[in-house]
Amino acid sequence: QVQLVESGGGLVQAGGSLRLSCAVSGTISRINAMTWYRQAPGKQRGMVAAITSTGSTNTADSVKGRFTISKDNAKNTVYLQMNSLKPEDTAVYYCHGELRIGAYDYSYWGQGTQVTVSS
């Protein structure tokens, strides 16, 4: 069974860094795209960064220059490097994968990982 397993969240002081990982467990043909979202209390879930199978990336303006998305195809893992963290980055971070399994495409969500940035 395919799952997205997130790790790397935690508590960090403002200005610090964290690296989130989203690993695909199970057998897949390809990661078509992977997107990191975040949701703060009382707010809607919003896109943070995305990466496609070709390596093209897209980053939200609010994190541009501070966050970097990357992937390791051999490990079927996508990373979100978060630098210069701010208290407003505090949220639950979710990865969302569009995966090719056999001849079909499927969509999966990770369980979420909490990131808390203290001032």
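Where in the chain is the place of S84? Keep that one in mind; Exercise 5 comes back to it.

A quick note before we start: this is a predicted model, where local features need pLDDT of at least 70, side-chain atom pairs count only at pLDDT 80 or more, and totals for chains, interfaces and linings use all residues. Residues are numbered from 1 along each chain as its sequence is written, and side-chain values use heavy atoms, with hydrogens and water left out.

**Exercise 1. The open sheet**

Task: work out the strand order of the open sheet and find its edges.

Solution:
- Start with the vocabulary: strands are DSSP runs (E, at least two residues), as helices are (H or I, at least four), numbered from the N terminus.
- Two strands pair if DSSP finds at least two bridges between them.
- Now trace the order: 4 strands line up as β1-β3-β8-β7, with antiparallel pairing.
- Then look for strands that pair on one side only; these are β1 (3-7) and β7 (67-72).
- Check the twist too: neighbouring strands of this sheet are turned by 15° against each other on average, direction ignored. For such angles, axes are lines fitted to C-alpha atoms, for helices over the stretch in contact, and angles run from 0 to 180 degrees between N-to-C directions.
- Zoom in on one edge: β1 is joined to β3 (residues 18-25) by 5 bridges, and the two run antiparallel. Pick E6 and go across to β3, and you land on its bridge partner C22.

**Exercise 2. The disulfide**

Task: find what C22 is bonded to and say which parts of the chain get tied together.

Solution:
- Apply the rule first: a disulfide is a pair of cysteine sulfur atoms within 2.5 Å. That gives a count of 1 disulfide.
- The partner of C22 is C95, with S to S at 2.1 Å.
- Read the handedness next: the angle about the S-S bond is 60°, and the link of C22 and C95 is right-handed.
- C22 sits in β3 and C95 in β9 (residues 91-101), so the bond ties together parts that are 73 residues apart in sequence.
- Finish with accessibility, where buried means under 20% relative accessible area, exposed over 50%, and partly exposed in between (1.4 Å probe, protein chains only). C22 is buried at 0%, and C95 is buried at 0% as well.

**Exercise 3. The aromatic cluster**

Task: list the aromatic pairs and classify their geometry.

Solution:
- Set the cut-offs: rings of Phe, Tyr and Trp (its six-membered ring) pair if their centres lie within 6.5 Å; planes under 30 degrees apart are stacked, over 60 edge-to-face, and the rest tilted. The count comes to 2 pairs.
- Take Y37 and W109: 5.1 Å centre to centre and 50° between the planes, a tilted pair. Y37 lies in β4 (residues 30-39) and W109 in β10 (residues 104-109), so this contact ties together parts 72 residues apart in sequence.
- Y37 is partly exposed at 22%, and W109 is partly exposed at 41%.
- Now Y94 and W109: the centres are 6.4 Å apart and the planes at 85°, so this pair is edge-to-face. It links Y94 in β9 with W109 in β10, 15 residues apart.
- Y94 is buried, at 15%.
- Put it together: Y37, Y94 and W109 make one aromatic cluster.

**Exercise 4. A charge on the rings**

Task: which rings does R45 lie or sit over?

Solution:
- The test: NZ of Lys or CZ of Arg must be within 6 Å of the ring centre and within 35 degrees of the ring normal.
- R45 lies over the face of Y94, at 3.7 Å from the ring centre.
- The charged end of R45 also sits over the ring of W109, 4.8 Å from its centre.

**Exercise 5. Positive phi and the hairpin**

Task: place N76, S84 and G102, and give their phi values.

Solution:
- N76 isn't a glycine, yet its phi is positive, near 50°. N76 is in the loop between β7 and β8 (77-82) and is partly exposed at 22%.
- S84, not a glycine either, has a positive phi of about 50°. Here's the opening question settled: S84 is in the loop between β8 and β9. S84 is partly exposed, at 42%.
- G102 is in the turn of the β9-β10 hairpin, which has 2 residues between its strands, and has a positive phi of about 65°.
- Last step: β9 and β10 run antiparallel and are joined by 6 bridges, and E98 stands opposite S107 in β10.
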